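Reader: I'd like a close look at one small part of this protein, with a bit of what surrounds that part. Could you walk me through one strand and its neighbours, at an informal pace?

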Amino acid sequence: MNGIKIIASNKRAGYDFEIIEKFETGIVLVGTEVKSLRLGKCSLSEAHISIDQFNEAWVYNINIPHYEFGNINNHEESRKRKLLLKKKELNYLQHKSQAQGMTIIPTKIYFKKSMVKLEIALAKGKKHHDKRADTAKKDVERRLRRGLYDE
């Protein structure tokens with residue numbers, strides 16, 4: 001890949017949500033957070049994104065652990081962090097999430113050149129029967145690849 005190093009990805013997002021559209025955003029971080037990310041430490045499993053009344057996007061519950069060599073000025077692990085989006089993208093995401101009941105979730109966090117980027121997705125929640133059907137379909141495809149079905 002072109003200067004892209006993936007730090008963490010939200011593997012559960014594809015199972016729990018039907019991903020409609022993806023966006024790349026910047027994220028506001030402090031120095032010790034970037035150093036911790038360079039060590040590959042991050043968790044996106046419980047993270048979600050909301051847009052406030054001032055038309056700013058915030059990501060909640062991204063867990064970036066303390067930098068082990070940080071001092072008393074180390075960052076808070078699960079603080080809310082501001083996302084850097086264009087006004088047009090913010091308006092689009094806000095409209096889709098409010099009018100059509102979609103959710104905005106983070107799917108990947110990565111380094112692009114030397115900048116930390118967050119891939120977010122506009123998604124629709126799956127029902128329990130949809131998850132079961134997807135699991136069955138993937139199981140059949142996996143067995144076909146292995147050659148277990150003799151058809």
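What follows is a walk along one strand and out to its partners.

Author: Happy to. One thing up front: this is a predicted model, so take each value as computed from that model.

Let's start with strand E5, which covers residues 81-84. Two faces can be told apart here: Arg81 and Leu83 sit on the covered one, while Lys82 and Leu84 sit on the uncovered one.

Now, who sits beside E5? On one side there's strand E2, residues 17-27, which pairs with E5 in the antiparallel sense over two bridges. In that pairing, isoleucine 27 stands opposite leucine 83. Strand E4, residues 57-60, also pairs with E5, again antiparallel and again over two bridges. There, tryptophan 58 stands opposite lysine 82. So if you click on Leu83 you can look across to Ile27, and if you click on Lys82 you can look across to Trp58.

The residue I'd spend time on is arginine 81, which belongs to E5. Is arginine 81 buried or exposed? It counts as buried, because its relative accessibility is 0%, and the cut-off for buried is under 20%. Its side chain reaches the backbone oxygen of isoleucine 62, at 2.9 Å. Beyond its close neighbours in sequence (those within four places), arginine 81 is in contact with quite a list, including Ile27, Val28 and Leu29, then Ala57, Trp58 and Val59. Two glutamates, Glu33 and Glu76, are also among the contacts, as is His75.

Trp58 deserves a second look. Besides standing opposite lysine 82 and touching arginine 81, tryptophan 58 has lysine 80 over the face of its ring, at 4.4 Å from the ring centre. If you like that kind of arrangement, there's another one elsewhere: arginine 38 lies over the face of phenylalanine 111, at 4.4 Å from the ring centre.

Next, the E2 side. Threonine 25 is found in strand E2, and it counts as buried because its relative accessibility is 1%. Leaving out residues up to four places away in sequence, threonine 25 touches Leu83, Leu84 and Leu85, and also Lys117, Leu118 and Ile120. Strand E7 runs over 115-125, so those last three contacts of threonine 25 can be looked up there.

Moving to the E4 side, the loop between E4 and E5 holds asparagine 61. Its phi is near 65 degrees, which is positive even though this isn't a glycine. Asparagine 61 counts as partly exposed, because its relative accessible area is 36%.

E4 has another partner as well: strand E3, residues 48-51, pairs with E4 in the antiparallel sense over four bridges. Histidine 48 stands opposite tyrosine 60 in that pairing. E3 and E4 make a hairpin with five residues between them, and asparagine 55 in the turn has a positive phi of about 60 degrees.

One more loop to visit while we're on backbone angles. Lysine 113 sits in the loop between strand E6 (103-112) and strand E7 (115-125). Its phi is positive too, about 60 degrees, and it isn't a glycine. Lysine 113 counts as exposed because its relative accessibility is 73%.

To retrace the walk: E5 pairs with E2 and with E4, and E4 pairs in turn with E3.

Note on methods: Residues are numbered from 1 along each chain as its sequence is written. This is a predicted model: local features need pLDDT of at least 70, side-chain atom pairs count only at pLDDT 80 or more; totals for chains, interfaces and linings use all residues. Side-chain values use heavy atoms; hydrogens and water are left out. Buried means under 20% relative accessible area, exposed over 50%, partly exposed in between (1.4 Å probe, protein chains only). Two strands pair if DSSP finds at least two bridges between them. A charge sits over a ring if NZ of Lys or CZ of Arg is within 6 Å of the ring centre and within 35 degrees of the ring normal. A polar contact is a pair of N or O atoms within 3.5 Å; within protein, one must be able to donate a hydrogen and the other to accept it, and residues adjacent in sequence count only if both atoms are side-chain atoms. Contact means heavy atoms within 4.5 Å.
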